[in-house]
Amino acid sequence: MGGDRQMYQGNWSCSECGAAITELPFQPNGTSPLYCRDCHRQKRGNTQRSNNNFRERRTFNGNWSCSQCGAAITELPFEPKDDQSLLCRDCYRAQRNG
Ligand SMILES: [Zn+2]
Ligand SMILES: [Zn+2]
């Protein structure tokens with residue numbers, strides 16, 4: 001076995017910017033998109049950045065009440081449906097633990 005990594009020669013184009021790709025370190029299966037070196041690097045950077053943004057969770061504000069203890073709920077991490085029974089943070093935690 002030689003030390004050189006095998007490169008696959010071909011005539012592909014970048015799915016992102018359309019740049020010609022003549023060499024790949026793997027054999028493309030034809031279904032997954034191919035990216036040139038620049039776009040590949042950019043995508044990796046974007047993914048890391050968007051992962052950080054993921055921490056910022058969306059909250060919905062409203063005027064609901066806990067179906068268990070009747071406490072007011074003004075903020076939810078999801079949009080509740082009309083007939084959905086809601087639990088305040090305490091009751092939610094108690095239910096999970098119990
Ligand atoms: Zn590209
Ligand atoms: Zn409650």
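## Overall make-up

Helices, of at least four residues, and strands, of at least two, are taken here as DSSP runs and numbered from the N terminus. In this predicted model, residues 5-44 are 20% helix and 28% strand, with the C-alpha atoms at the two ends of that span 22 Å apart. The chain as a whole holds 2 helices and 4 strands, and read from the N terminus its elements follow the order β-β-α-β-β-α.

Of the 98 residues in the protein chain, 0% count as buried. Among the contacts with a separation of 6 or more, 3% come from residues 24 or more positions apart.

## Annotated domain

The unreviewed UniProt entry places the feature "domain: CxxC-x17-CxxC" at residues 5-44 and 65-96. Residues 65-96 are 25% helix and 19% strand, and their end C-alpha atoms lie 19 Å apart.

## The hairpin of β1 and β2

Strand β1, which covers residues 8-13, pairs with β2 in the antiparallel sense over 4 bridges. Within this pairing, Q9 stands opposite E23 of β2. The two strands form a hairpin with 6 residues between them, and in the turn G18 has a positive phi of about 80°. Strand β2, at residues 20-24, is hardly covered, since 0 of its 5 residues are counted as buried.

## Surroundings of W12

W12 lies in strand β1, and apart from neighbours within four places in sequence its contacts are with I21, P28 and L34. Although W12 and P28 are 16 residues apart along the chain, their C-alpha atoms are separated by 9.3 Å.

The environment of W12 is classed as partly exposed because 17 other C-beta atoms lie within 10 Å, a count that falls between the limit of 12 or fewer for an exposed residue and that of 20 or more for a buried one.

## The hairpin of β3 and β4

Further along the chain, strand β3 (residues 60-65) runs antiparallel to β4 and is joined to it by 4 bridges. N61 has E75 in β4 as its bridge partner. In this hairpin there are 6 residues between the strands, and G70 takes a positive phi near 80°. Strand β4 spans residues 72-76 and lies largely in the open, because the number of buried residues among its 5 is 0.

Definitions and conventions:
Residues numbered from 1 in each chain as written. Chains lettered and ligands numbered in written order. Predicted model: local features only at pLDDT ≥ 70, side-chain atom pairs only at ≥ 80, totals over all residues. UniProt positions renumbered as here; feature names shortened; annotations may be inferred. Contact = placed C-beta atoms within 7 Å. Pairing = 2+ DSSP bridges.
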